Amino acid sequence: MTHGIDVSEFDGEINWTQVKNAGIQFAILRCGYGQSGQDFRFSDYYANARQAGLPLGTYFYSYALNTAAAAREAQHTQRLIEGKSFEFPVWLDMEDADHYKEEHGFSFTRAHVTAICQSWLEGMRPSGRKLGVYASEYWLENYIDVAALGSDCGIWLAQWSERPTYAGRYDVWQYTDRGHVPGIAGAVDMDYAYTDYEEDDEVTQEQFNQMMNTYLKQLEAQTPSNYAKEAWAKATEKGVLDGTGPRLFSTREQLAVVLDRLDLL
């Protein structure tokens with residue numbers, strides 16, 4: 001078991017060396033939120049916490065009202081964390097702290113909330129990163145079908161109490177939002193991790209195949225880029241190409257067929 005914190009821009013300037021020297025063993029940093037929001041302290045937190053030698057994770061606060069929005073949030077998450085490495089998972093923060101979801105007609109049902117989590121996870125899985133979902137005990141018991149998220153999805157339980165009463169599985173427990181740590185001026189969220197995320201996880205063949213299949217399906221569903229639309233339409237109309245998967249990879253045998261149709265062989 002390791003002891004850590006999770007922080008966002010609201011925690012202000014942090015002296016990460018003092019945090020590390022105080023015995024904190026990991027930190028989970030907010031990277032962003034919604035379809036375009038970025039935590040403005042994320043890059044500084046990441047650089048300085050890395051310099052202090054802390055293992056890191058990151059979390060993304062979801063404003064998605066439906067699965068399509070969740071898929072776009074997954075794309076935004078990947079943009080925010082590009083080029084950064086994490087020992088702990090990339091977490092989807094599923095809550096409604098500011099009542100945005102409630103005020104915008106969000107459907108608080110187990111099926112709907114679970115589907116949103118699944119959509120974000122599917123969008124993130126091709127990255128090969130460790131993934132997880134953060135939620136309160138109430139959300140995990142009433143709104144999220146944890147089993148449907150997959151065994152590879154970590155669970156970060158938020159339950160501010162002396163001991164957790166949630167009966168389901170979880171990997172990290174956020175036990176208070178009123179912790180105090182040298183190097184941080186105000187109160188801070190604090191956590192215990194029960195999973196050793198610093199071990200090197202070897203990707204199994206099954207996991208690799210799943211990642212590749214998801215990635216290829218996403219490519220197959222994409223439309224031609226703006227610069228290629230006209231040429232793609234002409235190639236399809238003339239029978240040079242079959243009109244499917246404009247952004248999929250081409251094999252050498254497919255190239256041979258194209259050259260033959262152009263009478264270049």
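These exercises deal with a predicted model of one protein chain. Residues are numbered from 1 along each chain as its sequence is written, and side-chain values use heavy atoms, with hydrogens and water left out. Local features need pLDDT of at least 70 and side-chain atom pairs count only at pLDDT 80 or more, while totals for chains, interfaces and linings use all residues.

**Exercise 1.** State how many helices and strands the protein chain has, and what share of its residues is buried.

Solution.
Step 1. Helices (H or I, at least four residues) and strands (E, at least two) are DSSP runs, numbered from the N terminus. The protein chain has nine helices and nine strands.
Step 2. Buried means under 20% relative accessible area, exposed over 50%, and partly exposed in between (1.4 Å probe, protein chains only). Of the 265 residues, 42% count as buried.
Step 3. Along its principal axes, the C-alpha trace spans about 75 × 40 × 35 Å.

**Exercise 2.** Place Ser 62 in the chain and find the polar contact made by its side chain with another side chain.

Solution.
Step 1. Ser 62 sits in the loop between strand S4 (56-61) and helix H3 (67-81).
Step 2. Its relative accessible area is 0%, so Ser 62 is buried.
Step 3. A polar contact is a pair of N or O atoms within 3.5 Å; within protein, one must be able to donate a hydrogen and the other to accept it, and residues adjacent in sequence count only if both atoms are side-chain atoms. The side chain of Ser 62 makes such a contact with the side chain of Glu 73 (2.7 Å).
Step 4. The side chain of Ser 62 also reaches the backbone nitrogen of Ala 64, at 3.2 Å.
Step 5. With contact meaning heavy atoms within 4.5 Å, and neighbours within four places in sequence left aside, Ser 62 is in contact with Glu 73, Leu 92, Asp 93, Met 94 and Lys 101.

**Exercise 3.** Determine how many disulfides the structure holds, and check Cys 31 and Cys 153.

Solution.
Step 1. A disulfide is a pair of cysteine sulfur atoms within 2.5 Å. The structure holds zero disulfides.
Step 2. For Cys 31, which is in no disulfide, the nearest cysteine sulfur is that of Cys 153, 15 Å away. Cys 31 counts as buried because its relative accessibility is 0%.
Step 3. Cys 153 is in no disulfide either; the nearest cysteine sulfur to it belongs to Cys 117, at 7.4 Å. Cys 153 counts as buried because its relative accessibility is 1%.
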